[in-house]
Amino acid sequence: MTFIKYKLFKDALTSEVNVVNKIYSDHTLSIPFDPANTDYQEYLEWAKTNTAEEAD
Amino acid sequence: MSEIKVNSIKGVSASTAAISIDNSSGTCTAKLTDNGGNQFANRNKIINGEFRVNQRNHSGSAGHNTYTLDRWKYARSANSEFSTSQSTDTPDGFANSIKLDCISANGSTGAGDYAYLRYHIEGQDLQDLSKGTSAAKAFTLSFYVKCDITGTFAISIEDVNSRMCNATYTVSNTNWNRYIITIPADTTGALANNNLTQLSVHFYIIAGSSHSSGSAVHTWGAYSASSVATGHTANIVSTDHNWYMTGVQLEISDYATPFEHRSYGQELALCQRYYFHLVSGNDKLIGLGMNYGNPDFFAEVTFPVTMRAAPSLDITTGTNYYRMYQANSSGDDMDSFVISRANTNKCNLYDSGSGGSIGKGGVLVTNNASASVAFSSEL
């Protein structure tokens with residue numbers, strides 16, 4: 001289970017970026033932008049000093 | 001010793017008996033209106049305190065700060081590794097326990113070493129504690145532990161206001177024993193009424209001097225990293241040693257009551273507020289969906305209970321792990337998908353590379369034995 005990257009995603013209907021994928025070698029956490037979601041909180045901490053890959 | 005033989009007990013001015021005794025069977029009917037200030041049911045603030053629910057099918061090394069059996073998080077320093085698993089070694093009346101098996105044979109404890117199990121509780125489930133007010137109440141933590149080393153272990157209670165209370169329990173033999181620790185009321189540090197962590201319970205199994213050299217024991221005070229495990233001496237640093245726990249109960253009371261067993265269905269539903277394992281294995285149904293656009297496929301998932309927050313999709317990924325059947329076709333395969341429009345009750349699973357046709361419905365299934373789909377809104 002090796003962490004590879006964070007990658008942002010756009011909503012297919014609105015084109016709003018509202019999901020970030022935390023991609024590991026064998027699985028992915030697909031994280032909605034909910035302030036109460038602890039995975040999202042962890043991403044925000046990570047993003048203070050790092051940059052996620054842009055959405056396609 | 002004396003004995004009172006009566007067939008009823010009635011208040012002085014009451015018209016009916018408060019307790020009616022069956023003279024032959026030795027049983028009674030009682031009209032109870034209060035349980036010493038405690039709740040009759042739903043007393044236990046801990047979910048999966050008897051470790052029956054293991055939706056992640058977890059067994060093995062969890063790594064630092066990761067969930068193991070439902071609701072229970074494991075954390076450790078770099079050289080203090082344990083394998084965590086669901087065990088059937090239990091005291092009477094329980095089916096399961098959690099087992100922590102030392103797999104790092106470092107043989108000694110460095111100052112910064114630590115390992116513990118942690119349990120987080122939502123603020124909205126703690127308002128009856130009245131913490132941080134003049135009406136604050138004591139609460140009691142009880143649990144069964146079995147360990148093949150003897151000595152003193154530490155627990156700590158920490159809140160989001162950087163306040164803590166630590167305590168210890170002493171294992172004096174290698175049997176299952178129940179330990180009871182009453183935590184005093186704290187009139188400082190109110191807990192917010194929300195869906196976030198407001199209080200955490202830590203069960204230490206390793207604590208080096210950096211975590212155990214403080215002086216405060218069993219009293220509320222400001223958080224101190226050196227006091228979180230003060231008094232802890234029983235460090236498990238040999239691969240010969242295991243630590244088991246079950247029957248964890250935290251109740252608002254200054255004494256412990258018997259462990260409150262819930263049905264498996266109740267316990268699973270409580271766990272699913274935080275983690276929902278939908279499916280794993282090959283050819284399992286995930287959900288129904290439709291093609292919004294030519295490559296844009298959405299499938300819908302409804303969660304069995306309202307989740308704590310909009311959850312993360314936790315999905316294993318690999319070549320053609322998932323398949324969408326549509327219009328009598330042999331199916332279009334995909335490696336993964338993305339969560340979309342999630343709320344606490346429902347979400348869409350989205351894939352931008354399906355080969356489906358606009359407007360047509362489809363069935364999303366797993367297509368590999370290693371495929372797995374789950375949702376997490378853990379604290």
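Two strands pair if DSSP finds at least two bridges between them; strands (E, at least two residues) and helices (H or I, at least four) are DSSP runs, numbered from the N terminus. The structure is a predicted model, in which local features need pLDDT of at least 70, side-chain atom pairs count only at pLDDT 80 or more, and totals for chains, interfaces and linings use all residues. Residues are numbered from 1 along each chain as its sequence is written, chains are lettered from A in the order in which they are written, and side-chain values use heavy atoms, with hydrogens and water left out.

**Exercise 1. Determine which strands E18(B) pairs with, and where a hairpin occurs.**

Solution.
- Step 1: E18 (residues 285–291) of chain B pairs with E25 (residues 361–366) of chain B in the antiparallel sense, over 5 bridges. Within this pairing, Gly287(B) stands opposite Leu364(B).
- Step 2: E18(B) is also joined by 3 bridges to E19 (residues 297–302) of chain B, again antiparallel. Here Met290(B) has Phe298(B) as its bridge partner.
- Step 3: The hairpin is formed by E18(B) and E19(B), with 5 residues between them.

**Exercise 2. Describe the two open sheets of chain B by strand order and edges.**

Solution.
- Step 1: One open sheet has 3 strands in the order E1-E2-E3, paired antiparallel. Its edges are E1 (8–10) and E3 (28–30), each with a single partner strand, so one side of each has no neighbour in the sheet.
- Step 2: Neighbouring strands of this three-stranded sheet are turned by 10° against each other on average, direction ignored (axes are lines fitted to C-alpha atoms, for helices over the stretch in contact, and angles run from 0 to 180 degrees between N-to-C directions). E2 (residues 17–21) of chain B is joined to E3(B) by 3 bridges, and Ile19(B) has Ala30(B) as its bridge partner.
- Step 3: The other open sheet has 6 strands in the order E4-E7-E8-E16-E10-E13, with antiparallel pairing. E4 (59–61) and E13 (177–183) are its edge strands, pairing on one side only.
- Step 4: In the six-stranded sheet the average turn between neighbouring strands is 25°, direction ignored. Its strands E10 (residues 139–147) and E16 (residues 242–251) run antiparallel and share 7 bridges; Val145(B) is partnered by Met245(B).

**Exercise 3. Characterise the interface of chain A and chain B.**

Solution.
- Step 1: The contact (heavy atoms within 4.5 Å) takes 21 residues from chain A and 23 residues from chain B. The two chains bury about 1,700 Å², 54% of it on carbon and sulfur atoms; buried area is the accessible area (1.4 Å probe) lost on putting two parts together, summed over both.
- Step 2: E3(A) pairs antiparallel with E20 (residues 312–316) of chain B over 4 bridges. Leu29(A) has Asp314(B) as its bridge partner.
- Step 3: The rule finds 1 salt bridge across the interface (a side-chain nitrogen of Lys or Arg within 4 Å of a carboxyl oxygen of Asp or Glu). Arg341(B) and Asp11(A) form this bridge, at 3.2 Å, N to O.

**Exercise 4. Explain what the salt bridge of Lys5(A) and Glu53(A) ties together.**

Solution.
- Step 1: The search of the whole structure finds 20 salt bridges over all chains. In one of them, the side chains of Lys5(A) and Glu53(A) meet at 2.8 Å, N to O.
- Step 2: Lys5(A) lies in E1 (residues 3–10) of chain A and Glu53(A) in the segment after H1 of chain A, so the pair ties together parts that are 48 residues apart in sequence.
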